[in-house]
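Q: I should like to go through this structure with you. Could we begin with the terms and then turn to the details?

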Amino acid sequence: MNDTKQLPPLPDRLSTDPRSPHHVAAVFEHDVGIRFNDKERQDVSEYCISEGWIKVPAGKVLDRKGQPMLIKLKGKVEAYYV
């Protein structure tokens, strides 16, 4: 009777970059929300809950491989399914 799918547990560290060892494709089949210092963030590229940081793009600057340059922000990180 109950057709709800079990959501995979959110890892402590997660990256949106498929080349990263911290990328978990099963998690990205669902919408993931990030709350950083009690504010919603939509631009997070990577996070670590235990170490308390997120990585976000630094404007429109690209590195030599064409990927956005990322800056690390430290604070309270919460991840959840939307």
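A: Certainly. Two strands count as paired if DSSP finds at least two bridges between them. The model is a predicted one.

Q: Which residue in E5 stands opposite tyrosine 47?

A: Isoleucine 54 in E5 is opposite tyrosine 47.

Q: And over how many bridges do E4 and E5 pair?

A: The two strands pair over three bridges, in the antiparallel sense.

Q: What is the strand order of the open sheet that four strands form?

A: The order is E1-E4-E5-E6, with antiparallel pairing. E1 and strand E6 (68-74) are the edge strands, and each pairs on one side only. On average, neighbouring strands of this sheet are turned by 20° against each other, direction ignored.

Q: Now the sheet of three strands, please. In what order do they come?

A: They form an open sheet in the order E3-E2-E7, and the pairing is antiparallel. Strand E3 (39-41) and strand E7 (77-81) each have a single partner strand, so one side of each is left without a neighbour in the sheet. Here the average turn between neighbouring strands is 35°, direction ignored.

Q: How many bridges join E2 to E3?

A: Three bridges join strand E2 (residues 32-36) to E3, and the two run antiparallel. Within this pair, isoleucine 34 stands opposite arginine 41 in E3.

Q: What about the loop between E2 and E3: which residues there have a positive phi?

A: Asparagine 37 lies in that loop and has a positive phi of about 50°, although it is not a glycine. Aspartate 38 is found in the loop as well, and its phi is near 65°, again a positive value in a residue other than glycine.

Q: How does asparagine 37 count, then: buried, partly exposed or exposed?

A: Asparagine 37 is partly exposed, with a relative accessible area of 39%. Aspartate 38 has 55% relative accessibility; the cut-off for exposed is over 50%, so aspartate 38 counts as exposed.

Q: Moving inside: which residues make up the largest nonpolar core?

A: There are nine: Leu14, Val27, Ile34, Phe36, Val44, Tyr47, Ile54, Val56 and Val77. The elements giving two or more residues to this core are E2 and strand E5 (53-62).

Q: What does valine 77 touch?

A: Leaving out residues up to four places away in sequence, valine 77 touches Ile34, Arg35, Phe36, Tyr47, Cys48, Ile49, Gly52, Trp53 and Ile54.

Q: Let us turn to empty space. How much lies in the largest pocket?

A: The largest pocket holds about 220 Å³. Of the 16 residues that line this pocket, the closest to its centre are Val32, Gly33, Ile34, Arg41 and Val44.

Q: Which element gives the most to that lining?

A: E2 gives the most, with three residues. At least two residues of the lining come from each of strand E1 (13-15), E2, E3 and strand E4 (46-48).

Q: One last topic: where is histidine 30?

A: Histidine 30 is in the loop between E1 and E2. With a relative accessible area of 23%, histidine 30 is partly exposed.

Q: Which residues does histidine 30 touch, and how far is tyrosine 47 from it?

A: Histidine 30 touches Leu7, Pro8 and Tyr81, not counting residues up to four places away in sequence. Histidine 30 and tyrosine 47 are 17 residues apart in sequence and 17 Å apart in space, C-alpha to C-alpha.

Notes. Residues numbered from 1 in each chain as written. Predicted model: local features only at pLDDT ≥ 70, side-chain atom pairs only at ≥ 80, totals over all residues. Heavy atoms only, no water. Axes fitted to C-alpha atoms, helices over the stretch in contact; angles between N-to-C directions. Core = buried A, V, L, I, M, F, W, Y, C linked by side-chain atoms within 4.5 Å. Buried < 20%, exposed > 50% of the residue type's maximum accessible area, 1.4 Å probe, protein only. Contact = heavy atoms within 4.5 Å. 1 Å grid on protein atoms, 1.4 Å probe; cavity = no way out; pocket = protein on both sides within 12 Å on 5 of 7 lines; lining within 4 Å. Points joined across faces, edges and corners; volume = space filled by probe spheres on them.
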